[in-house]
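Work through the exercises below with the structure open beside you. Try each task before you read its solution.

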Amino acid sequence: MGSMDNQEAIELFEGQNILYMQLFGHLKPLCLKWALQLGIPDIIHSHGKPVTLSHLVSTLQVPPSKTAFVQRLMRFLAHDKIFDIHHSQEDHEVAYALTPASKLLVNGSGHCLSPMVRLITDPLLMSKYHHLGEWICGEDPTLYETALGTSVWELLDREPKYLSLFSEGMASDSQMVDLALKNCTSAFESLDSMVDVGGGTGTTARIISEAYPKMKCVVLDLPQVIANSTGTNNLSFLGGDMFKSIPQADAILLKWVLHDWDDENCVKILKNCRETISSKGNRGKVIVIETVINEKLDNKDVTQTKLSLDMTMLAINGKERTEEEWKTLFTEAGFKDYKLFPIFGFRSLIEVYP
């Protein structure tokens, strides 16, 4: 066996670390789920100051013999900035505080993303990725069909549990929209009417309609999705199919819709939108809120989030796109111009003009 120089050894150990980090990556969402199930973000929030380990264990009613396990789990989550570790001068022991991430898991906070955690970490939905190799070499159009024997849309249609899980997850994400409105008021302020296509239970449209009370907003989604939704003076709900027809309005909003579909279906949706707004002159536009992959400009963490979302969309034959890929879709659908505004987090707002 030939000798190995020091540099080769360093590279091998670096490679091993990268592989193991990838292998153990599944623990991150599962430990996040654990913290949520135990209500730890709520406990810390209610306490009003960092919670000591002993207080946390007592509140959780965890057996004293498992105190060290709680500490290790919290250390793991703190390493990824889910919680912050303090050293209590008063009690002379370790204590835990909320971070910007775990504040988003506090119930009633107004921007609570706990439903999204429950959706992404559902055991059945997570299990589909065990079939990725089988699907990629097979003929099924989506990973869901290989893993679960049904498309994601059929699953949601026949299983009220998963429809509820999905709707609540999407609604929680939409609560972040009101933060974005502060950065993109020009997209909405001149509009008299808007249709939120695929708007689910109307969280996004409700936020926009409250911010612009003179604008008439309509949420278009499948009848079973909007069945129990109630409108307001300027917000209404319409059961329908975006592939068949879209009500006429000054603007059509597509938030986290197009990434669910392949290019061919995206062009169909966009063409239907263009036909609806074509008579609106200079005011007519489509407002797209989606991820735009840009590995050159984004920092590593944001790129990781975007690429992870792309892998999630892969399961349903959807995709996250680069600006060039978005431009190609808009052109194929007959649009003449667009403006892109990076507005919040890992998503952008794109105004598309006929």
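The exercises go from the whole protein to one strand and its core.

This is a predicted model, in which local features need pLDDT of at least 70, side-chain atom pairs count only at pLDDT 80 or more, and totals for chains, interfaces and linings use all residues. Residues are numbered from 1 along each chain as its sequence is written, and side-chain values use heavy atoms, with hydrogens and water left out.

**Exercise 1. Describe the protein as a whole.**

Step 1. Find the elements. The protein has 18 helices and 11 strands. Both are DSSP runs, numbered from the N terminus: helices are H or I with at least four residues, strands are E with at least two.

Step 2. Find the extent. The C-alpha trace spans about 70 × 60 × 40 Å along its principal axes.

Step 3. Find the buried share. Of the 354 residues, 44% count as buried. Buried means under 20% relative accessible area, exposed over 50%, and partly exposed in between (1.4 Å probe, protein chains only).

**Exercise 2. Find the neighbours of strand β7 and decide how far the strand is covered.**

Step 1. Look for pairing, which needs at least two DSSP bridges between two strands. β4 and β7 pair in the parallel sense over three bridges. Here Val-195 stands opposite Ile-252.

Step 2. Look for another partner. β7 and β8 run parallel and are joined by five bridges. Ala-251 stands opposite Lys-285 in β8.

Step 3. Check the faces. In a regular strand the side chains alternate between the two faces of the sheet. In β7, Ala-251, Leu-253 and Lys-255 lie on one side, Ile-252 and Leu-254 on the other, and all are buried.

Step 4. Conclude. Five of the five residues of β7 are buried, so the strand is largely enclosed by the rest of the structure.

**Exercise 3. Which elements build the largest nonpolar core?**

Step 1. Know the term. A nonpolar core is a set of buried Ala, Val, Leu, Ile, Met, Phe, Trp, Tyr and Cys residues joined through side-chain atoms within 4.5 Å.

Step 2. Name its centre. The largest core has 28 residues; Ile-252, Leu-254, Leu-270, Val-286 and Phe-330 have the most contacts inside it.

Step 3. List the suppliers. β4, β7, α16, β8, α18 and β11 each give at least two residues. α16 gives the most, with six.

Step 4. Follow one residue. Beyond its neighbours within four places in sequence, Leu-254 is in contact (heavy atoms within 4.5 Å) with residues including Val-197, Leu-270 and Val-286.
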